[in-house]
Amino acid sequence: MGASAAYGRTMPAVRPPEPRPGPHPDPAPDTAAGPGGTLPPPGPFRPAFWRSPLRGPWFTALLGTVLLAGLPLMLLTGLLSYAAYNPDLPGNDTTPGKGLLGFYLFSWPTDPHWLYRLNQGVHVTLGVALVPVVLAKLWSVLPRLFAWPPLRSARHALERASTLLLVGSALFEFATGILNMQLFYVFPGSFYALHFYGAWVFLAALAVHLATRVGKLRRGLHDRGMDELRATEPAPPTITRRGAAALVGAGSLGLVAVTAGQSIGGPLRRTALLAPHGGADPGEGPNGFQINKTAAALGIEPADIGERWRLVVRAGSGPRTVFTRAELLALPQHTAALPIACVEGWSTDDQMWRGVRLADLAALVGAGESDGVFAESAQQKGAFRAASLRANQVHDPRSLLALHVNGAVLSRDHGYPARIIVPANPGVHNTKWVTRLTFGELP
Ligand code: HEM
Ligand SMILES: Nc1nc2c(c(=O)[nH]1)N[C@H]1C(S)=C(S)[C@@H](COP(=O)(O)O)O[C@H]1N2
Ligand SMILES: [Mo]
């Protein structure tokens, strides 16, 4: 689309002034102070500094409306993701002192089995899609950052403080979220805690922002209000407002197109060019699906998962029952079609797992219906060497200690000799290389 052809359609009929060579002159001589006696310092504090004809209520309100729908969904899916961790159980949470912020936690369901896959796919894909919208929105309101005088009244000060908190926390969430999604394991646990606290700061700031702004936003949709954003001396347009909005939209769709495949799967998986593809090439065959961390990368000693490997199962401090892999294979075997759905947003398609029901192992050692389990692995160090599951997860008939996948013996990298797989469970709690299961009442 030629910018000049589109120009006449949506731009004001008045022809904007020709661009002047050299620096733009100040709007008023330095001696002419305004009514309050405070002349803005030169540069961005003067309205005439901002010359883009795109700025104005239409563009800002359009972007604001998209964010008004998208960001609460980010908050919702983020808080649900936190609940899905069952962070109140031992070994599941690295967020220190969350205290009252855990007030809403509930027992995460196992149905539908793709629930966590959907939740985290939406969180991460929508987050990526909103990046161009957030950037365009910030650009559209940039002159406000330089409002003069900086503080007009107590109310104005409060409004500005809440806006700063809102913008700051949103940028913080985007930065930490994208780093999480791409490089989560490089950062210590505190990084993930920051994303959690940032979400609550964002919620508080959003509440204040909405209370003070929603009225203005609605007027903006009808092209009144937010008039201060319009350039007082607009430069000639190089693109229409609609064109700019379409560009932002195309940026979002483009990002979705190269990300969403990691969560949707099937043939689209190969289109996820921007998404991390896990730690290693999964290869072909029954075990040829995404591997997050290989056994070698986590320092799993071949000897610990070879002939010497044993599974120790007990209920509380009761007697230990020890199983070899052959003994586990002699127990009733069950199958379940379940995905791995990582907190980073990628997921596998459903894989056909086969092994012993966690509920059967619980019953074998005399654990009760209300018991959860603490599962530990052959891994010596690292945040994910162990995880707890709640009673509803243990007693779902699809929850397995898997020994096979897709008709083949589990590969080392997928957790041989035995791994946990539970419906709708965050991937991180599907512990690989399990060596010890301790059933019991968990807090
Ligand atoms: C306003 C924006 C956002 C809000 C309010 C938000 C909120 C949350 C919350 C509350 C959690 C759970 C935290 C926890 O488990 O400790 C979470 C997790 C996560 N978020 Fe966001 N988020 C936002 C933006 C993003 C973006 C833009 C991305 C990436 C594109 C992202 C990626 C992630 C990932 C990978 C996780 C799981 C890992 C983790 O727990 O740290 N988030 N988010
Ligand atoms: N012992 C152990 N189990 C683990 C992990 C780990 O680091 N150590 N990573 C978890 C994470 S974060 C995910 S997403 C899944 C990935 O399983 P996969 O590599 O078989 O796809 O394994 C989980 N089980
Ligand atoms: Mo994960």
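The following exchange asks what lies behind the terms applied to the two ligand sites and a few backbone features of this predicted model.

User: What conventions apply to this model?
Analyst: The model is predicted, so local features need pLDDT of at least 70 and side-chain atom pairs count only at pLDDT 80 or more, while totals for chains, interfaces and linings use all residues. Residues are numbered from 1 along each chain as its sequence is written, chains are lettered from A and ligands numbered from 1 in the order written, and side-chain values use heavy atoms, with hydrogens and water left out.

User: What makes the site of the iron atom of ligand 1 octahedral?
Analyst: Six donors count as octahedral if opposite donors are over 155 degrees apart and all others between 65 and 115. The six donor atoms here make angles of 85 to 179 degrees, and the site is classed as octahedral. Ideal angles for six octahedral donors are 90 or 180 degrees.

User: Why are His123 and His195 called donors of the iron atom?
Analyst: Donors are N, O and S atoms within 2.8 Å of the metal (3.2 Å for Na, K and Ca); water is not among the atoms, so sites may look incomplete. The NE2 atoms of His123 and His195 lie 2.0 to 2.1 Å from the iron, and therefore meet the 2.8 Å limit. His123 is in helix 3 and His195 in helix 6, 72 residues apart; helices are DSSP runs of H or I with at least four residues, strands are runs of E with at least two, and both are numbered from the N terminus.

User: What makes the pairs between ligand 1 and Asn180 or His195 polar contacts?
Analyst: A polar contact is a pair of N or O atoms within 3.5 Å; within protein, one must be able to donate a hydrogen and the other to accept it, and residues adjacent in sequence count only if both atoms are side-chain atoms. A polar side-chain atom of Asn180 is 2.8 Å from a ligand oxygen, and one of His195 is 2.8 Å from a ligand nitrogen. Both pairs therefore qualify.

User: How is the shell around ligand 1 divided into nonpolar, polar and charged residues?
Analyst: Ala, Val, Leu, Ile, Met, Phe, Trp, Tyr, Cys and Pro count as nonpolar, Asp, Glu, Lys and Arg as charged, and the others, Gly among them, as polar. The shell has 15 nonpolar, seven polar and two charged residues. Helix 2 gives the most, with six residues.

User: Which polar contacts does ligand 2 make with Arg419, Lys432 and Phe384?
Analyst: Polar side-chain atoms of Arg419 and Lys432 lie 2.6 Å and 2.5 Å from oxygen atoms of ligand 2. A polar backbone atom of Phe384 is 3.3 Å from a ligand nitrogen.

User: Which peptide bonds are cis, and where are the prolines?
Analyst: The bond from Trp148 to Pro149 is cis, with omega near -5 degrees, and Pro149 is in the loop between helix 4 and helix 5. Tyr416 and Pro417 are also joined by a cis bond, with omega about 10 degrees; Pro417 is in the loop between strand 8 and strand 9.

Terms used:
Tetrahedral: all angles 85-135°; square planar, octahedral: opposite > 155°, others 65-115°.
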